[in-house]
Each structure stands twice: as C-alpha cells, then as structure tokens.
Number of protein chains: 2
Amino acid sequence: MARRAEIRRIAVRLALDNGLEAATTEAISAAADISRRTFFNYFGSKDEVFSLEPHQWTAEEIVAELRERPVREKPVESMRVVVQSMAAATDFAGFAAEWELLQQLYRRHPELYSRMKLDQADRAIAALVAEFGVRLGVDPAADLYPGMLVNAGFAALQAAENHSRTGDRDLASLIDEAFALLARGL
Amino acid sequence: MARRAEIRRIAVRLALDNGLEAATTEAISAAADISRRTFFNYFGSKDEVFSLEPHQWTAEEIVAELRERPVREKPVESMRVVVQSMAAATDFAGFAAEWELLQQLYRRHPELYSRMKLDQADRAIAALVAEFGVRLGVDPAADLYPGMLVNAGFAALQAAENHSRTGDRDLASLIDEAFALLARGL
DNA sequence: CACTCACATTGCACGGTGTGCAGAAAATGC
DNA sequence: GCATTTTCTGCACACCGTGCAATGTGAGTG
C-alpha cells in the first residue's frame, strides 16, 4: 500500500512539473521505475492515480456518520453535520503535503476535479437518501423530501467549496452559512 | 447538420441493439456507411455521439432565460422558472422519438448519463451565478447567496429527475414541489 | 542447501480511442 | 468543361487498457 501512495505522489509531481498532457502512463511508470503493465496493476485507469480516493470519504463512512446522529434531530441539522464531516475529511485527511499537491493539480484542471467528485458523490447521495428514508419513516420513491434534502446538502457543499476556492474564508463556516440559508429558506 | 443527426440516430440504435460495448467507432462508422475518420470529423469523441447535446440547453440559452425575468422577482422564483425551462427543454425538444431512444440508453447506462450532464452543468452554473450576482447587485465571490441559490436549484432539478425516473409523477410538478421546499426552508 | 509455493513484476500482443496529414473525391462556382 | 473549395478517406501514429504467459523473488520447510 505504501507503494501505491508512492506512485501516486510521483505521478502528481510529474503532472505538475511537465503538465497533465505529458504525464502519460509510460512517463509515470518510468518515473516510478516500474513497467507500464505494473502501473495498471496498481491503478485501474490513468484517472485513478489522480483521484481523491485516499482523501475522500466513502459512501459507507458517510452513512455511518449519519447513523450516529440522534434520530429526532432535525434532518437539516443531521445533514449539516454529515456535510461538515465530509468537508473535514476532504480538507485534510492528515496528509497536508500530499493533498496540497493534488489540490494544485485540480486547480489547474477543474474538469479533472469534477470527474473525480462525480464518482463517489452519486453513490453517496443514493445511500444517504435511502438512510434518511428509513430515519424519517418515509419512502424516498414516494416522498420528495429525502432526495431534496440530500441533494441540497451536496449543493451547499459545492457552493461552499467554490466559494472558499476564490475567497479566503474558512470552509466550515461557509458550509454553516449555506445550511443556514437552506434551513431558513432561500 | 442533418448528417450529424443521422449518424447519432444510427449510433444510438446500434448501442441499444447490440450493447454499448459493441458500439465501437468502427461499428458505428460501418453502420452509418462512413469511414472511422469521418466519424471523428463529426464527433470529437465517442461519448459525444451519445450526448444530450441536441436535447440540451446551452449555458447561454439558460442565462438568456434568466435575463427575461423581471429583476424584482424573487430570486428563488426566477431560478424556479429557469429550471422549469431547462427541464422542459431536456424533456422533449420536439424530437420525442429520438429522445426516447437516448433515454433508454441512459436508463441502461446511468454512468453515461452522469458524465453527459456534468459537461454543460458546470458551465451553466458558473454563468447563472455570475448573472444573479449582477441582478442582485452583489459580488458572488464575497456573497454566498447566488452560488447557493443556483446550486440548490440544480439540486432540485436532480432530485426531481431522479424521482420522476422511479415514480410516475410529472416532472414539472416535482420541480415545483422541490422549489417549494427550498423557498420555505427544509 | 534444495525445494516449492505464493505473489509481484514484466513483456507481449491485441483491441480500442483520438489526431495530424496528405491525397482522393465530390460539390460548387464561373 | 474547368478551377476551387469543401468533404471524405486512408494511413501512420500515440495513447489507454487488458488478457495471458513467463519470469523473478522471497519466505518458509524439510
């Protein structure tokens, strides 16, 4: 597993230095001193080496987070806490240096970031909607509320992230503000 | 341009009949009776032939739609109208038959749909946020409201779409309901 | 040490996507 | 009928991703 992280680090470094274009699987493999074939043993695709994966929550973790909230808590509040913990997980994950590199890469290639987020997000949303359905005792296929709540929560995360990228405000406080808007009504 | 639509139709047909796997550029080209190279003259990528493009609003159209709303209208209401028109454009666009085929394909390959939506959505969101900034006389980089409003609006669209895919309710009324939740507060 | 068993690494061949280039072919204007 | 412009095409190439078989490599065992 250390190997995997090592390759990832080298690949990101390479992409930042010579451009994403130049970071072919061949070049990455050479830089990491492994064969192209071995690269694909560690990563299922070239994209995967630039993914958020190690810094990103999984759908399961997120649902677990939600389960820990008191059932009687207001749903928006539960969602807020969940989103905050997603943001916290993404923001640091304890590997400040490595994460910093990836962030640079994403800043330079926003389309890459979008693609990466898409993966987990879709699954996480579905899982959270189901769980809220259970907690609220409604059927998400019949009641719009759970779906709207979760999607709006992710929208808040996205709005806050975009904002903190341009401005200099703290992500956590932006999320709180976004949720305040949601709770109060736009 | 009729040619382009023709190729698209053939490609979608092929993917539905023989599976998305079998619909290689080679196979599509053969079925459309053109060379592989010519296929890439019409479409920049294989994905593009399965894109929402002809049934989809552009960022510019969406912003134009917003500009037509009275400035004093409540922002949520403006956003609701914009989203409704996006949904309407996506839903029919006058080509019921062709669109029906694409929908089948998307139903069979949800990941395809996600990827397709991502493209325009990112640009449309950015454009709408900027326009709301102007209309409301605030700087979107300093004020979270425009970003939150637009992202929440897209969240409403997504929630409504997911819902209408599983249930049988009318998309437009689902969108209205979603916006009612947003306006009132979750 | 010799042996084997598990496992990571590698080379190779292949099928697929996407692009630049230059020539053929077809449509268009005169 | 001929010239010009546009479209189509073949070809070569770089790149991604995968199956398969061979080759290390290292640990444990007798």
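Helices here are DSSP runs of H or I with at least four residues, numbered from the N terminus. With that in hand, we can place B:Leu112, which sits in helix 7 of chain B. Keep in mind as we go that this is a predicted model.

Let's stay with B:Leu112 for a moment. Buried means under 20% relative accessible area, and B:Leu112, at 2% relative accessibility, therefore counts as buried. What does B:Leu112 touch, once neighbours within four places in sequence are left aside? Its contacts are B:Leu20, B:Asp47, B:Phe50, B:Leu105 and B:Tyr106. One of these partners, B:Phe50, lies 62 residues away along the chain, yet the C-alpha atoms of B:Leu112 and B:Phe50 are separated by 8.3 Å.

From there, follow helix 7 of chain B to its packing against helix 8 of chain B. Two packed helices are described by the angle between their axes and the distance between the axes. For helix 7 and helix 8 of chain B, the axes cross at roughly 145° and come within 8 Å. The crossing of these two helices is right-handed. On the helix 7 side, the residues that meet helix 8 of chain B include B:Tyr113, B:Lys117, B:Ala121, B:Ile125 and B:Phe132. On the helix 8 side, among them are B:Tyr145, B:Leu149, B:Phe154, B:Glu161 and B:Arg165. By residue class, this contact divides into 13 nonpolar, four polar and three charged.

Helix 8 of chain B, residues 145-166, also packs against helix 9 of chain B, residues 171-184. Here the axes are 9 Å apart and the angle is about 135°. Helix 8 and helix 9 of chain B are therefore oblique to each other, and helix 8 passes helix 9 in a right-handed crossing. From helix 8 of chain B, the residues in this contact include B:Ala152, B:Ala156, B:Leu157, B:Glu161 and B:Ser164. They meet residues of helix 9 of chain B, among them B:Leu171, B:Leu174, B:Ala178 and B:Leu182. The division for the contact of helix 8 with helix 9 in chain B is ten nonpolar, three polar and one charged.

B:Ser164 deserves a closer look. This residue is found in helix 8 of chain B, and with a relative accessible area of 24% B:Ser164 is partly exposed. Neighbours within four places aside, B:Ser164 is in contact with B:Arg169, B:Leu171 and B:Leu174. The C-alpha atoms of B:Ser164 and B:Leu174 are separated by 7.6 Å, with the two residues ten apart along the chain.

Now turn to chain A. How many helices and strands does chain A have? Its secondary structure comes to nine helices and zero strands, so that, read from the N terminus on, the elements run α-α-α-α-α-α-α-α-α. Taken along the principal axes, the C-alpha atoms of chain A fill a box of roughly 55 × 35 × 25 Å. Of the 186 residues in chain A, buried ones make up 48%. Among contacts in chain A between residues at least 6 apart in sequence, 66% join residues at least 24 apart.

A:Gln84 offers one such local view of chain A. The residue has its place in helix 5, residues 75-91, and at 15% relative accessibility A:Gln84 counts as buried. Not counting residues up to four places away in sequence, A:Gln84 touches A:Ala172, A:Ile175 and A:Asp176.

Finally, look at where the two chains meet. The axes of helix 7 of chain A and helix 7 of chain B, residues 110-136 in each, come within 11 Å and cross at roughly 130°. That makes helix 7 of chain A oblique to helix 7 of chain B. Their crossing is right-handed. Chain A contributes A:Ser114, A:Arg115, A:Leu118 and A:Asp122 to this contact, and chain B contributes B:Ser114, B:Arg115, B:Leu118 and B:Asp122. These residues divide into two nonpolar, two polar and four charged.

The nonpolar core is a good place to end. The largest one has 74 residues, and those with the most contacts inside it are A:Met148, A:Phe154, B:Met148 and B:Phe154. Leaving aside neighbours within four places in sequence, A:Met148 is in contact with residues of chain B, including B:Ala152, B:Ala155, B:Ala178, B:Leu182 and B:Leu186.

Key. Residues numbered from 1 in each chain as written. Chains lettered and ligands numbered in written order. Predicted model: local features only at pLDDT ≥ 70, side-chain atom pairs only at ≥ 80, totals over all residues. Heavy atoms only, no water. Axes fitted to C-alpha atoms, helices over the stretch in contact; angles between N-to-C directions. Parallel < 35°, antiparallel > 145°, perpendicular 65-115°, else oblique. Left-handed = near helix turned anticlockwise from the far one by under 90°. Contact = heavy atoms within 4.5 Å. Nonpolar A, V, L, I, M, F, W, Y, C, P; charged D, E, K, R; others polar. Core = buried A, V, L, I, M, F, W, Y, C linked by side-chain atoms within 4.5 Å. Buried < 20%, exposed > 50% of the residue type's maximum accessible area, 1.4 Å probe, protein only.
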